[in-house]
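This report covers the pockets, cavities and a surface patch of one protein model.

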Amino acid sequence: MLQTLFTIARRHLIGRRRQTLTTVIGVAVSTMVLITTISLTRGLLDSFIETIVNVAPHSTLKGEKTDPVPVNVLALSQPETASFVVDNIEKLEREEVRNYRQVLSLLASPVYKGEVLAASPFVASQVMAVKGNRNEPILLKGVDIDRENVITGISGKLTSGDVGLFAKTANGLLVGRTVAREMNLQLNDEVTLIPASGKSRQCKVSGIFFSGVNAIDNSVYASLKLGQIVEGMAADRVSGIALKVRYPLENGDLNRELQEVTGYRCVTWQEENAGVLSLFRRIGTIVFSLVAFVGVVSGFGVANILVTTVFEKSRDIAIMKSFGFSASQLVAMFVLEGFIVGLIGALLGGLLAIGSIHIFASIPIESSQGPLTKSGFSMSTNPLYFFYVIGTTVFISTFAAYFPSARAAKLDPVQVLRDSSL
């Protein structure tokens, strides 16, 4: 019986070739667009996470104490007492990690050796860079280049110059490509750094790097000593310590432990990029809503062709019922037609999506995609997205076929045949 129903369903669809082909193409195009859109959004997120994990620190110990002096002294354990401070106006202490070498020794101890793979102290300063009549506010980051290279792999991202030249050059700079383009900097150019306080410094460009992360490419690296001098820090103090850990995607417990042990706030890369990750989640929600909406539209197309088929084949349906076809068998026949149309259209859309994904990924155009700069589009080829969209499309097409099939099952064969003979 199933073979008979399949044969009749196939003849119904072939009998209306133009309408069937139009519906199949509509389902295929919607499937292709949905898979390509999901691939683009998820590809951008995956690329961002991969780039951040490979380039940026996994965690950062910041010079922010975790046990600050309470501001609201009236909310202490003894509400009947109060403290007042009179004529005690002092300059706020700068946030810095003191005796950072002791912290580095702790991180290198056997307790954390298996968890913390690398640690790099740094000094961050906002300075003005001047070359001729060009000037740009930049983030100057003083680092130990050998330690920093383990975390960011900066030596492999240099487009000109090298790390050895940077280490040998007094007041040498590694300049991000964005800064280099804005200030028209080349290798060995002289740049004047003007800090917020203190005297200006004459520096030389020892290398230009490109990481693909816009925030990093908009900064400049200097030696740790130069960073301390520019910021006016003592030799045993830094702004923070960047960490590379063994499990960057599951580093919450380690961060909390380091925060308790060191007394300094420890921030994960997820917390540093919470705004960007939240934006990606919102985009993902919008895309999946689009999947559902366009899938429903495709279902209306399938339902439309079957409604027309029921209307035109009313006499044939009546004859089938008079030959003993039950209402459930007629429902199964039209549901099978919806399934066939949805399956063919979805599979064709999947094939078209593979082609569109490869086309977008191979476009040789450098573009700034949110926080990243890449050549071409970051596309994800995760097969789960194909299965999800194709499965959803087939389900909606099959479900949409139920309504016209239910109408066909309710036809009275005697009334249909009598009316058709008039």
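What volume does the largest pocket have? The model is a predicted one, and in it the largest pocket has a volume of about 680 Å³.

## Largest pocket

The lining of this pocket has 26 residues, and those closest to the centre are Pro 57, Thr 60, Leu 139, Lys 141 and Glu 272. Several elements give two or more residues each to the lining. The helices in this group are helix 2, helix 4 (145–152), helix 7 (214–217) and helix 10 (269–272). The strands are strand 1 (59–65), strand 3 (116–131), strand 4 (134–143) and strand 9 (219–223).

By class, 14 residues of the pocket lining are nonpolar, seven are polar and five are charged.

## Largest cavity

Cavities of 30 Å³ or more number two in this structure. The largest cavity has a volume of about 40 Å³. Its lining is made up of Thr 41, Arg 42, Leu 45, Phe 280, Ile 283 and Gly 284.

Two helices, helix 2 and helix 11 (274–312), each supply at least two of these lining residues. Three residues of the lining are nonpolar, two are polar and one is charged. Helix 2 thus appears in the lining of the largest cavity and also in that of the largest pocket.

## Second largest cavity

The second largest cavity holds about 30 Å³ of space. The residues that line it are Ala 129, Ile 138, Leu 173, Val 175, Val 179, Met 183, Leu 185, Val 191 and Val 220.

Strand 6 (172–176) and helix 6 (177–183) each give at least two residues to this lining. Which classes of residue make up the lining of the second largest cavity? Nine residues are nonpolar, with no polar and no charged residues among them.

## Nonpolar surface patch

Leu 21, Ile 25, Val 29 and Val 33 make a nonpolar patch of about 330 Å² on the surface. One of these residues, Val 33, is placed in helix 2, which spans residues 17–55.

Why can Val 33 be counted in the patch? Patch residues need over 30% relative accessible area, and Val 33 qualifies on this point because its relative accessible area is 39%. At that value Val 33 is classed as partly exposed.

Conventions. Residues are numbered from 1 along each chain as its sequence is written. This is a predicted model: local features need pLDDT of at least 70, side-chain atom pairs count only at pLDDT 80 or more; totals for chains, interfaces and linings use all residues. Side-chain values use heavy atoms; hydrogens and water are left out. Patches are made of residues with over 30% relative accessible area and no salt bridge: like charges are joined within 9 Å, nonpolar side chains (Val, Leu, Ile, Met, Phe, Trp, Tyr) within 5 Å. Accessible areas come from the Shrake-Rupley method with a 1.4 Å probe; for residues, only the protein chains shown count as cover. A salt bridge is a side-chain nitrogen of Lys or Arg within 4 Å of a carboxyl oxygen of Asp or Glu. Helices (H or I, at least four residues) and strands (E, at least two) are DSSP runs, numbered from the N terminus. Buried means under 20% relative accessible area, exposed over 50%, partly exposed in between (1.4 Å probe, protein chains only). On a 1 Å grid over the protein atoms alone, a cavity is a set of points where a 1.4 Å probe fits but cannot get out, and a pocket is an open set with protein on both sides within 12 Å along at least five of seven lines; lining residues have an atom within 4 Å of a point. Grid points are joined across faces, edges and corners, and a volume is the space filled by probe spheres set on the points. Ala, Val, Leu, Ile, Met, Phe, Trp, Tyr, Cys and Pro count as nonpolar, Asp, Glu, Lys and Arg as charged, and the others, Gly among them, as polar.
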